[in-house]
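Please open the model in your viewer, colour it by secondary structure, and keep a selection panel at hand. The stops below go from the whole chain to single residues.

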Amino acid sequence: MVRFAAASVLLSLLGTSSAFTTPRAFLSTSRATAITTELEASKCGNYDYDFLVIGGGSGGVRASRISATHGASVCLVETQFKHGEPNYSAIGGTCVNVGCVPKKLMVFASRYPFDVSEAKGYGWNGATEGTFDWKQFMEYKNTEISRLNGIYENMQKNAGVDLMEGKGKFLSPHEVEISGPDGVKVVTADKVLVAVGGWPFKPSIPGIEHTITSNEIFYLPEQPKRVVVVGGGFIAVEFANIMDGLGSDVTLMYRGDLFLRGFDHDMRVHLAEELERNTDIDIQFNTDPTEIKKNDDGSFTVVTNNGEVECDAVLYATGRKGKTDTLGLDAAGVSTEGSFIPVDNYSKSN
């Protein structure tokens, strides 16, 4: 059976310092005692491992580490151990590398102008917004994400998990070909967990190759002065608000009547009203881009059903799909529905 990680796991990383703080003291935390179980020792038999995990995100690192502490021989395969191009995500998954963590750091950075604007009302005189240094922020952000990559890598090693850098592809239900910086290797395992996560989806329209996603936004060398954000989910709304707070001119385009479909309607209406009242975001509902044109000066023109908008960057946040297209799932006999793997109540595939 091939298992599929369907839920993220929250890992508590306590007692660590951050690139975004100057710690006054280092917390002293005692290490948890080794987990002891009554499980029998590894019986991988003719296989290289009892358990092979493809994907080092939240589900993958948790499954591999806990399995190893229970006595299984475990190998974790991740496309790259350090964040950044070409795969952007690394050990720790989307959340750590190009998701929750760096996004929250950008949220913190973007809210300071608003906090400063309210300071006088609380007795703080002379406070000014200052200027935002995009490159300095990115340097600090990268330092922090690299620190977390190291923590996740060490957690696996300390649990006895073998780490392999590369892309996994099934050759059979028990054979996985791993293509990495050191060449190609075939590894066998009794059980395999598919925990590869998702990838941003972009529609097929002319000029879509000129756009970026929630991956590239964290590695832009310069802050775009004018940004068009396309999408109506929480990622689109968040980034529109973030870039507005950092000083960019933002246009948010959504093809529907109101963003955040599926959320509480009153909350959606209230949020739209608040964004209109408290930000400079140009919110354009019922607007759907039909073409992205790159101009001679490097800027872009977004052509829509309602007109055109000039900008310096176009961020698409129009959903995600499973990263299963290169896994060779047919060779393992695994059924799929689109880019996803249907599973039972125990996360088992067919």
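Buried residues make up 43% of the 350 residues in this protein, which is a predicted model. With the whole chain selected and its surface switched on, the exposed area comes to about 19,200 Å², of which carbon and sulfur atoms supply 50%. In cartoon view, the secondary structure amounts to seven helices and 16 strands. If you draw the contacts between residues at least 6 apart in sequence, 62% of them join residues at least 24 apart.

Next, hide the surface and turn to the largest nonpolar core, which has 33 residues; select M106, V229, M243, L252 and F259, the members that touch the most others in this core. To see where the core draws its residues from, colour α3 (100–119), α4 (134–158), β9 (226–230), α5 (234–245), β10 (249–253) and α6 (265–278), the elements that each give two or more residues to it. Among these, α5 gives the most, with six residues.

Keep V229 selected and expand to its contacts: setting aside neighbours within four places in sequence, V229 is in contact with A236, A240, V250, T251, L252, M253 and L315. Before leaving the nonpolar interior, also select L52, V176, A189 and L327, which are among the 19 residues of a second, separate core.

L315, one of the contacts of V229, leads to the next selection, strand β15 (residues 313–316). Which way do the side chains of β15 point? A313 and L315 point one way from the strand, V314 and Y316 point the other way, and all of them are buried. In a regular strand the side chains alternate between the two faces of the sheet. Now add β9 to the selection, and you will find that β9 and β15 pair in the parallel sense over four bridges; one residue pair to label here is V227 with its bridge partner in β15, A313.

Move on to a separate selection of three strands, which form an open sheet in the order β12-β13-β14 with antiparallel pairing. Because β12 (289–294) and β14 (307–311) stand at the edges with a single partner strand each, one side of each is left without a neighbour in the sheet. Looking across this sheet, the twist averages 20 degrees from one strand to the next.

Narrow the selection to β13 (residues 300–304) and β14, which run antiparallel and are joined by five bridges. The connection between β13 and β14 is a hairpin through two residues. Along this pair, label T301 with its bridge partner E310 in β14, and then V302, which stands opposite V309 in β14.

The last stop is T304, also found in strand β13. Is T304 buried or exposed? Its relative accessibility is 9%, and since buried means under 20%, T304 counts as buried. Expanding from T304, and not counting residues up to four places away in sequence, you will find that T304 touches M253, T287, D288, P289 and T290; of these, M253 is also a contact of V229. Finally, draw a distance from the side chain of T304 to the backbone nitrogen of N306, which lies 2.9 Å from a polar atom of that side chain.

Key
Residues numbered from 1 in each chain as written. Predicted model: local features only at pLDDT ≥ 70, side-chain atom pairs only at ≥ 80, totals over all residues. Heavy atoms only, no water. Core = buried A, V, L, I, M, F, W, Y, C linked by side-chain atoms within 4.5 Å. Buried < 20%, exposed > 50% of the residue type's maximum accessible area, 1.4 Å probe, protein only. Contact = heavy atoms within 4.5 Å. Pairing = 2+ DSSP bridges. Axes fitted to C-alpha atoms, helices over the stretch in contact; angles between N-to-C directions. Areas by Shrake-Rupley, 256 points an atom, 1.4 Å probe, with all protein chains shown as cover. Polar contact = N/O pair within 3.5 Å; in protein donor to acceptor, adjacent residues only side chain to side chain.
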